[in-house]
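Please take the sequence and the coordinates together, and follow the chain through its helices, rings, pocket and loops in the paragraphs below.

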Amino acid sequence: MADLVGLVLERLKLERQVARAFLASAKFGLCSSPGSIDLTFAESPGFIEAVNRRDDVAYVITTHALAKDVRSKAIGCDDPKLAFWSLYYAVQSEKTENVEYPSKILSSVRVGENTVIHRSGVTIGDDCIISDNCVILSGVTIEAGSRVGAGCVIGRDGFEAKTTCFGVKMIPHDGSVILHSDVELGANCTVDKGMFGIATEIGAATKIDSGVHVAHNCNIGEANIITANCVIGGSVTTGRDVFFGLNSTVYNGVQIGDSSFICGGAIVHKDLPSGMKVIPRPGLMVER
């Protein structure tokens, strides 16, 4: 296998600033990612301010001009975003399977025909039902009493296409998926695993209709109801008892408070406090 990390360090002239040993175990993240971060990037004064408000960031890749403004240790280069995603892509591509323990499927679990469950890194609890033609990939935990409808794919890499020094690449994910107890998925749903070591989580007793997409790093609260063909973008957080109407869409990074109601066809593009109702603009009838 090609030494991708070495190629990135050489091409971006970072050999003297970044140690290979550090990258192998470093926790990558964006400046908004939860928890401590070993390596992130900031390409503008606004991002520098966001990073400087944190006390848990070790290294920041930034421009040579902005490096002096970073409270953490700075790594200067010409294109911080390119360098960050190139390094992350290289490190993740060189890793083997990130979950080594054998899959554990309890005897009370019912598995349908033509369903594929990865040999490692999957845990399925008591009294779960996995219907026909499903794919359950490594890093997925399905807690007791949950139901997975026919044709669902759980734990695939999320969609993260980034420009790297190798061209535009799909970024491998190293997170997981947790379906908490008594979750139900309808047919043909997709739940993507998280990246930066984060889990995509669906809260207990949440019910999801057919054709729903839940993107990476989402944290869906307890007792949500998500009706057919909804699209929930990456890193969305919802509270308890949120309702999503047919074909509604939530943009990346939005936070939705408890007991909110998203009407069918609505597009949620900014944070919602608890108890809010989002009504889409109705179509107008005009003469032909």
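**From the first helix to the loops**

Helix 1 is followed by Lys13, a residue whose phi is positive, near 55°. In general, most residues other than glycine have a negative phi. The model discussed here is a predicted one, and the backbone angles, distances and accessibilities given in these paragraphs should be read with that in mind.

Helix 1 itself spans residues 4–11, and within this helix Leu4, Val5, Gly6, Val8 and Leu9 are buried. The partners against which the buried residues of helix 1 pack are helix 2, made of residues 20–25, and helix 4. In helix 3, which runs over residues 45–52, the buried positions include Ile48, Ala50, Val51 and Asn52, and the cover over the buried residues of helix 3 includes strand 1 together with strand 2, residues 57–63.

Between helix 3 and strand 2 there is a loop, and Asp55 is found in that loop. Asp55 counts as exposed because its relative accessibility is 70%, where the cut-off for exposed is over 50%. Measuring along the chain and through space gives two further numbers for this residue: Asp55 and Ala19 are 36 residues apart in sequence, and their C-alpha atoms are 22 Å apart.

The aromatic side chains come next. How many aromatic pairs does a search of the whole structure find? The search returns 12 aromatic pairs. One of them joins Phe41 and Phe84, with 5.0 Å from centre to centre and 40° between the planes, an arrangement classed as tilted. This pair links distant parts of the chain, since Phe41 belongs to strand 1 (residues 37–41) and Phe84 to helix 4 (residues 80–94), with the two positions 43 residues apart in sequence numbering. Phe41 and Phe84 are both buried.

A further pair is formed by Tyr89 and Phe166, whose ring centres are 6.0 Å apart and whose planes stand at 50°, so this pair is tilted, given that tilted covers angles that are neither under 30 degrees nor over 60. Here too distant parts of the chain are linked, with Tyr89 in helix 4 and Phe166 in the loop between strand 13 (161–164) and strand 14 (167–170), 77 residues apart. Are these two residues buried or partly exposed? Tyr89 has a relative accessible area of 13% and is therefore buried, under the cut-off of 20%, whereas Phe166, at 22%, is partly exposed.

Ring pairs also build a cluster, which links Phe28, Phe41, Phe84, Trp85, Tyr88 and Phe196. Phe196, a member of this cluster, lies in the loop between strand 17 (190–193) and strand 18. Phe196 has a relative accessible area of 6% and is buried, and its phi is positive, about 60°, although the residue is not a glycine. Elsewhere, a charge and a ring come together: the charged end of Lys277 sits over the ring of Phe261, at 5.3 Å from the centre of that ring.

Attention can now turn to empty space. Rolling a probe the size of a water molecule over the atoms shows where such space is left. The largest pocket holds about 800 Å³ of space. Its lining consists of 33 residues, and those closest to the centre of the pocket are Leu30, Ser32, Asn217, Gly234 and Ser235. Strand 1, helix 4 and strand 18 (199–202) each contribute at least two residues to the lining of the largest pocket. Sorted by class, that lining has 13 nonpolar, 14 polar and 6 charged residues.

Two loop residues remain to be described. Asn133 is located in the loop between strand 8 (129–130) and strand 9 (135–136), and it has a positive phi of about 60° without being a glycine. With a relative accessible area of 44%, Asn133 is partly exposed.

Ala228 occupies the loop between strand 22 (225–226) and strand 23 (231–232), and with a relative accessible area of 14% this residue is buried. Which residues does Ala228 touch, not counting residues up to four places away in sequence? Ala228 is in contact with Asp209, Ser210, Val212, Leu246 and Asn247. For Leu246 the separation from Ala228 is 18 residues along the chain, and the C-alpha atoms of the two residues are 5.3 Å apart.

Terms used
Residues numbered from 1 in each chain as written. Predicted model: local features only at pLDDT ≥ 70, side-chain atom pairs only at ≥ 80, totals over all residues. Heavy atoms only, no water. Phe/Tyr/Trp six-rings, centres within 6.5 Å; stacked < 30°, edge-to-face > 60°. Helix = DSSP H or I, 4+ residues; strand = E, 2+ residues; numbered from the N terminus. Buried < 20%, exposed > 50% of the residue type's maximum accessible area, 1.4 Å probe, protein only. Lys NZ or Arg CZ within 6 Å of the ring centre and 35° of its normal. 1 Å grid on protein atoms, 1.4 Å probe; cavity = no way out; pocket = protein on both sides within 12 Å on 5 of 7 lines; lining within 4 Å. Points joined across faces, edges and corners; volume = space filled by probe spheres on them. Nonpolar A, V, L, I, M, F, W, Y, C, P; charged D, E, K, R; others polar. Contact = heavy atoms within 4.5 Å.
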